[in-house]
Structure formats: structure tokens, C-alpha cells
Amino acid sequence: VNTSPLLEKLIQHFNRFPGIGRKTAQRLAWYLISRVKTDAYDFADSIRETVDNFTTCQECLILAEQDPCPICSDTDRDDNLLCIVENTSDVYLMENMHEFHGKYFVLGHLLSPLEGYGVNDLHIKELETLISTKKPQEIVLALKPSAEGEATIHYLSELFQKKDVILTRLSTGIPFGGDLEYTSTLTLANAWKRRYRV
Ligand SMILES: [Zn+2]
């Protein structure tokens, strides 16, 4: 049997999620259809409501319900420390660690020639603006320990070489090739404490 175009569209939506393959996408789509309709409607409403209410903080590019985001507008946080992460979900991981009380910046992507992400896909202009206004003393690169992470760290270290700032990176407590996401909070905290100069 041919898959219904409606079902196929739903499967493709699920298939676009990170870590969701075609088979899982099919299972999720069928699950949604087989449940009482109100559950699915609630799910759809929740997606729309959340997406509508989140915006990008113009300062750090975190996705949040306010602009400036709660972190940028928190006067208790230290402007001298800036932590660069790949995306907003990494901010939540760092926050769970309870070691960092500075500000963040979301880079958007890592350099990845294979996936087609180059320098222009990174939020460099916004980062330079933030650095020239906030003038942090230390910038911590909390990026995924991978070939893409290394390439990005290398690029940023060249970029900030002439700037009057200490550039550090997380120690390799995180397994190479792993995601920040799959690292336990304790490992991340250790990698944080043992961060070193680039
Ligand atoms: Zn912000």
C-alpha cells in the first residue's frame, strides 16, 4: 500500500527532529493518530503556543520568552565572563551545572564543511558587537568536542587573537565526538573547572 500523503507529511515532520530516523518517525505518527483526537489537538496547540511565544534575545541570541532574555537582564550575573555555546539547549545544560554565573552567546552552528556550514552561518557579527559593548575579560568556548568543535575553536581563537581577552575552552573530560547533551552534569562541571587557555 502507498502511504497516505497526509500521513507521509506527518512522518516527514517527525523525521526532521534530531536523532529521529524514519522508523521512529513512522511510529510517532501512528501513535499520534491512534490516540484520542483531543490529545493530538493539545499537542498541536502546545507547539503553536510555545513557538509563538519564544523569540530570539537580540543580545545573546538565546531563544526565550523575553527579549532581552532573563539571563541578559539579570544584573547579578557577571558581564566579565562570556560563555559561547552552539545553541540554546546547551545554555540549559550549562545552567544545570550551577558553576557559571556569567553571560552567554549562542553561535548558531559549528563550522562543518560536510554539513555545509561555513563562517557565514555562525553569528560572528553579533558576537563581535556583544564583545565590544560588554568587554568580557574571559570568553569560554563550551563547544562540542568534535572535529566541528575543534575547527570552530580554531577559527574563533584566530579571530580573537588580537583582542584583549582571555580565551578558554572546556577540558576534554567530555568524550571526543560526544554531545554536550549526553554528558553528565558532573562530567560537564569537571570539564568546566579544568578549562584551559586556547
Ligand atoms: Zn540574552
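Donors, in the sense used for the zinc site below, are N, O and S atoms within 2.8 Å of the metal. The views that follow are drawn from a predicted model.

**View 1. The zinc ion and its cysteine donors.** In sequence, the donor residues of the zinc ion follow the spacing C-x2-C-x8-C-x2-C. Cysteine 60 belongs to the loop between β1 (55–56) and β2 (63–64), and cysteine 72 to the loop between β2 and β3 (78–85), so that this pair ties together parts lying 12 residues apart in sequence. Coordination is through the SG atoms of Cys57, Cys60, Cys69 and Cys72, at 2.3 Å. The angles subtended by the four donor atoms around the zinc ion run from 105 to 116°, which makes the arrangement tetrahedral; for comparison, the ideal angle for four tetrahedral donors is 109.5 degrees.

**View 2. The packing of helix α1 against helix α2.** Helix α1 (residues 5–15) packs on helix α2 (residues 22–34) at an angle of about 125°, the two axes being 8 Å apart. Because of this angle, α1 counts as oblique to α2. The crossing in which α1 passes α2 is right-handed. On the α1 side the contact involves Leu7, Glu8, Leu10, Ile11, Phe14 and Asn15, which meet Arg22, Ala25, Gln26, Leu28, Ala29, Trp30, Leu32 and Ile33 of α2. Sorted by class, the residues in the contact of α1 with α2 are 10 nonpolar, two polar and two charged.

**View 3. The crossing of helix α4 and helix α7.** The axes of helix α4 (residues 88–97) and helix α7 (residues 185–193) come within 9 Å of each other and cross at roughly 85°. This angle makes α4 roughly perpendicular to α7. From α4, the residues Leu93, Met94, Asn96 and Met97 meet Thr185, Leu188, Ala189 and Trp192 in α7. The contact of α4 with α7 has six nonpolar and two polar residues by class, and no charged residues.

**View 4. The crossing of helix α5 and helix α6.** Helix α5 (residues 124–134) and helix α6 (residues 147–159) have axes that come within 13 Å and cross at roughly 45°. That angle makes α5 oblique to α6, and the crossing of the two helices is right-handed. Ile124, Leu127 and Glu128 of α5 make the contact together with Tyr155, Leu156 and Leu159 of α6. By class, this contact of α5 with α6 contains five nonpolar residues and one charged residue, with no polar ones.

Technical notes:
Residues are numbered from 1 along each chain as its sequence is written. This is a predicted model: local features need pLDDT of at least 70, side-chain atom pairs count only at pLDDT 80 or more; totals for chains, interfaces and linings use all residues. Side-chain values use heavy atoms; hydrogens and water are left out. Axes are lines fitted to C-alpha atoms, for helices over the stretch in contact, and angles run from 0 to 180 degrees between N-to-C directions. Helices (H or I, at least four residues) and strands (E, at least two) are DSSP runs, numbered from the N terminus. Angles under 35 degrees count as roughly parallel, over 145 as roughly antiparallel, 65 to 115 as roughly perpendicular and the rest as oblique. A crossing is left-handed if the near helix is turned anticlockwise from the far one by less than a right angle, and right-handed if clockwise. Contact means heavy atoms within 4.5 Å. Ala, Val, Leu, Ile, Met, Phe, Trp, Tyr, Cys and Pro count as nonpolar, Asp, Glu, Lys and Arg as charged, and the others, Gly among them, as polar. Donors are N, O and S atoms within 2.8 Å of the metal (3.2 Å for Na, K and Ca); water is not among the atoms, so sites may look incomplete. Four donors count as tetrahedral if all angles lie between 85 and 135 degrees; four count as square planar and six as octahedral if opposite donors are over 155 degrees apart and all others between 65 and 115; anything else is irregular.
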